[in-house]
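This report is an introduction for someone meeting the structure for the first time. It begins with the chain as a whole, then turns to a pair of helices, and ends with the aromatic rings.

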Amino acid sequence: MKKIVTVLAVATMLMSSLSACGKTEDTTTDKPAAEASVETEQTSEAAGTESVAETEAVAATEENTEGEDNRLEEGMTKVYTLIDAYNDLLSQHKYAEDLLQADVESLDDAELGNLGLTTADGNEIQTSHGYYSVLITYYFDYVNNGIKYGDGYSDFSELAAQLPDENSIKSKYGFVDEGESKTNKVIMFEAVGVLPFLASCEAVHGTDLVETTEYVMGDYTSAYAIPLNCDGNTGLTAVFDADGNLMNICSSDDFDQYISSFPNGASE
């Protein structure tokens with residue numbers, strides 16, 4: 001009898017043990033479901049956080065798109081680049097280049113007819129404005145297109161040969177009949193004349209940015225202008241189109257700070 005009772009007791013203990021194990025397994029089975037619920041909540045929260053971040057990123061992009069107005073800073077960078085273009089040109093020491101710069105400074109075209117530059121149509125340039133257009137192309141491309149002296153041409157005769165023809169390039173820049181063109185109304189024309197003064201200044205600052213469409217030069221119309229202060233001297237204004245191209249450095253009627261780079265004329 002004792003043996004039977006003992007066996008029954010052992011059997012009862014085993015059943016209890018197995019029953020407990022079953023409960024443990026059930027609990028284990030339930031636990032991943034709870035964890036999955038937590039993970040779902042965390043995923044939902046993460047998704048919500050990401051959505052906010054994306055919204056903020058879009059808002060920041062829109063804010064940057066509207067952007068801070070950097071036109072004053074960028075415009076002055078182009079004014080400084082114009083001065084660099086002038087110094088670069090003087091360093092070439094080539095006859096046509098020196099003569100064109102010297103003549104625009106003094107508006108004396110006595111020697112231009114001897115240059116013999118031709119445009120892409122094979123015709124020799126006939127007018128001083130045609131010759132000045134070669135110089136203007138150099139400055140405009142240097143400042144606004146990053147094409148420095150020698151990029152794609154070795155001298156002004158090769159640069160002239162890239163221009164389609166004399167009349168179209170003069171019209172593009174704003175030249176009209178000989179003797180009638182105003183330097184403030186032609187692309188880079190006044191700029192070339194005042195560059196010696198600008199290059200001689202220790203400090204050139206932009207004082208303001210003014211929205212204006214009053215300047216029309218050939219194919220270009222201004223969008224804004226930056227009055228300049230050059231070592232305390234005023235009277236010069238950098239003019240830009242809607243694409244940020246520097247069109248000209250225009251001067252007031254009382255501005256007379258011209259300093260010629262070639263007091264004895266252009267060197268041969």
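Of the 268 residues in the protein chain, 37% are buried, and it should be kept in mind throughout that the model described here is a predicted one. The protein chain holds seven helices and six strands, and, when it is read along the sequence, these elements follow the pattern α-α-α-α-α-α-α-β-β-β-β-β-β. If one takes the contacts in the protein chain between residues at least 6 apart in sequence, 61% of them join residues at least 24 apart.

**A pair of helices**

Two packed helices are described by the angle between their axes and the distance between the axes. For helix H2, which covers residues 71–90, and helix H4, which covers residues 128–145, the angle is about 130° and the axes are 9 Å apart. Angles over 145 degrees would count as roughly antiparallel and those from 65 to 115 as roughly perpendicular, and H2 and H4 are therefore oblique to each other. The crossing in which H2 passes H4 is right-handed.

On the side of H2, the residues that meet H4 are Lys 78, Thr 81, Leu 82, Asp 84, Ala 85, Tyr 86, Asp 88 and Leu 89, while H4 contributes Leu 135, Tyr 138, Tyr 139, Tyr 142, Val 143 and Asn 144. Sorted by class, this contact of H2 with H4 is made up of nine nonpolar, two polar and three charged residues.

**Aromatic rings**

How many aromatic pairs does the structure hold? There are eleven aromatic pairs, and two of them are set out in the table below.

| Pair | Distance between ring centres | Angle between planes | Arrangement |
|---|---|---|---|
| Tyr 149 and Tyr 153 | 5.5 Å | 75° | edge-to-face |
| Tyr 224 and Phe 240 | 5.2 Å | 10° | stacked |

Tyr 149 and Tyr 153 are both buried. The pair of Tyr 224 and Phe 240 links distant parts of the chain, since Tyr 224 lies in strand E4 (residues 220–230) and Phe 240 in strand E5 (residues 233–241), 16 residues apart. Residues count as buried under 20% relative accessible area; Tyr 224, with a relative accessible area of 6%, is therefore buried, and Phe 240, with a relative accessible area of 0%, is buried as well.

Ring pairs also link Tyr 138, Tyr 139, Tyr 142, Tyr 149, Tyr 153 and Phe 156 into a cluster. Among the members of this cluster, Tyr 138, Tyr 139 and Tyr 142 belong to the H4 side of the contact with H2.

Notes:
Residues numbered from 1 in each chain as written. Predicted model: local features only at pLDDT ≥ 70, side-chain atom pairs only at ≥ 80, totals over all residues. Heavy atoms only, no water. Axes fitted to C-alpha atoms, helices over the stretch in contact; angles between N-to-C directions. Helix = DSSP H or I, 4+ residues; strand = E, 2+ residues; numbered from the N terminus. Parallel < 35°, antiparallel > 145°, perpendicular 65-115°, else oblique. Left-handed = near helix turned anticlockwise from the far one by under 90°. Contact = heavy atoms within 4.5 Å. Nonpolar A, V, L, I, M, F, W, Y, C, P; charged D, E, K, R; others polar. Phe/Tyr/Trp six-rings, centres within 6.5 Å; stacked < 30°, edge-to-face > 60°. Buried < 20%, exposed > 50% of the residue type's maximum accessible area, 1.4 Å probe, protein only.
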